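Trainee: Could we go through this model together? I'd like to start with the ligands and then look at a few residues.

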Amino acid sequence: MKKKEIVELLSLKEPEAVRSLYERAYATKLKTVGNKVYFRGIIEYSNICTKNCYYCGIRRENQKNSRYEMSSKEVIEAGLWAFENRYGSVVIQSGERNDKQFVDKIKGIIKELKTLTSGKLGITLSLGEQSREVFEEWYVAGAHRYLLRIETTNPELYSKCHPSDHSMLKRLDCLRILKEIGYQTGTGVMIGLPGQTLSHLADDILFFRDFDIDMIGMGPYVIHQETPFSRYKDKVDHEENLQLSLKMIAITRLIMPDINIASTTALQAINPQGREMGLKAGANIIMPVITDIKYRKSYQLYNNKPCLDENSDMCKSCLEGRIATIGEEIGYSEWGDSPHFTGRKNDKV
Ligand code: SAH
Ligand code: SF4
C-alpha cells in the first residue's frame, strides 16, 4: 500500500466506508491470526521514572503523584495469579530506570517466575530504553518479548513531545538491538498527539512495515491534567483520537496481516467498549491490568484510566463476557506468539 492510499483511508469519514475498512481488516485477521484473543496481564511494577515526557502522568516532574515500587514478592504473586488463571503471559511495565538495583531486581523476578512456572509463563518487558548489556541480561534470564513504543516516527513531533535529552534515534537503536538479541519486538505510537498529521501517522505505519516489527501496541493519546501537554486540553478531541486509532489498527492489519496487534487500554479510557471496538477493527491481543488495586491509582499515564477499583478476578470475568459478546475465543494458557515472528525466526535458522 502506498502512503497516499494510507492517508486516504485515515481520512475516511463516511460511516459506511469506515465500517467497510474495519470489515476488511477483520476478515484479514480471521484468515491470518484467527479469532483467538490472547491475554497479557500487565503488572505495573513502578511509577518511578527518570524521564519527563511531556504527555505522561508519571513523568519525573509530576509532584502530585505518590511514587511506589512493588516488591519482588508482589510481582511474583501477580505473575503466578496470571499463570494460574491461564493467562499465557505477563507484561512487566514501569517508569524508566537504569540503575543497577533496578536491573538486578527485574532480573531476579524474571528468573523466579520462569522457575516457578517451569518456563511456561511468557514474559514481556516494557521498561523503556536500556543498554545492550541490560537487554541481553534480561533476555538470558527468560524474558522473550519487549515493548518499546517509538511514540512517533516524525523527528519534529518527537522533539515537541519530549525534553531535548530524550532521543528518537536512541529509541530506534534500542529497537534494533532488541531485534538482534532475538526478542519478539513490539513498538507503537500515540494517536492524536497535538500537532500530529495523517501524513505522520501514515509514515508510522510504513515504519512498522519497513522495520518488520512483530507486535504493535498503539492507542489514542489521552490528556493527563498534571502534564505540560494539558495546555492542549481544549484542542484534543478524544472521540476523534479513538476513531483514528481504530483506523490505524485496521490499516496496520491490512498491511501486516500476521502480526500481533494490541487493543490497548487507552481505547477503553475514551469509550467503555473501546477494546472490543479494537478487536473488531483487527486487533488480537488484550492487556488486562493485573496490578494490585492499591497501586492502580498511582499508575495513571493518562486521565480516565478504567478499572481502577476492580481487582484482577473481576477484570477477568468482565473481559470473558465482553469477548464472548463479539464472538471471539480466548487463547488460554498459550503464549500466542505472532505467526510473523515465528516466520521471521524460521527464516533466520
Ligand atoms: N516507561 C516505559 C513504559 C511505560 S509508558 C516507556 O515509556 O516505554 C508506556 C506507554 O504509555 C508509552 O510508550 C506511551 O506511549 C504511553 N503513554 C504515556 N502517556 C500517555 C498518554 N497521556 N496517553 C496515551 N498513552 C500514553
Ligand atoms: Fe516515563 Fe514512559 Fe511516561 Fe516517558 S512515557 S515519562 S519514559 S513512564
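Mentor: Let us fix one term before we start: a polar contact is a pair of N or O atoms within 3.5 Å, and within protein one must be able to donate a hydrogen and the other to accept it, while residues adjacent in sequence count only if both atoms are side-chain atoms. This is a predicted model, in which local features need pLDDT of at least 70 and side-chain atom pairs count only at pLDDT 80 or more, whereas totals for chains, interfaces and linings use all residues. Residues are numbered from 1 along each chain as its sequence is written, chains are lettered from A and ligands numbered from 1 in the order in which they are written, and side-chain values use heavy atoms, with hydrogens and water left out.

Trainee: OK, what does E151 do with ligand 1?

Mentor: A polar side-chain atom of E151 lies 2.6 Å from an oxygen atom of ligand 1.

Trainee: And which backbone atoms lie by a nitrogen atom of ligand 1?

Mentor: A backbone N or O atom of Y55 is 3.0 Å from a nitrogen atom of ligand 1, and a polar backbone atom of S94 is also found 3.0 Å from a nitrogen atom of that ligand.

Trainee: Switching to ligand 2, which residues are around it?

Mentor: Counting residues with a heavy atom within 4 Å, the shell of ligand 2 consists of C49, K51, C53, Y55, C56, I58, R59 and G95.

Trainee: Now T291, is that buried or exposed?

Mentor: T291 is buried (under 20% relative accessible area, against over 50% for exposed and partly exposed in between, with a 1.4 Å probe and protein chains only), because its relative accessible area is 1%. Its side chain makes a polar contact of 2.9 Å with the side chain of E44.

Trainee: What else does T291 touch?

Mentor: Leaving out residues up to four places away in sequence, T291 has contacts (heavy atoms within 4.5 Å) with I42, I43, E44, M70 and R296.

Trainee: How about Q196, buried or exposed?

Mentor: Q196 counts as buried because its relative accessibility is 15%, and its side chain reaches the backbone nitrogen of G192 at 2.6 Å. With the same exclusion of sequence neighbours up to four places away, Q196 touches L157, M190, I191, L201 and D204.

Trainee: Last one, where does K235 stand, buried or exposed?

Mentor: K235 counts as exposed because its relative accessibility is 68%. The C-alpha atoms of K235 and L121 are separated by 43 Å, the two residues being 114 residues apart along the chain.
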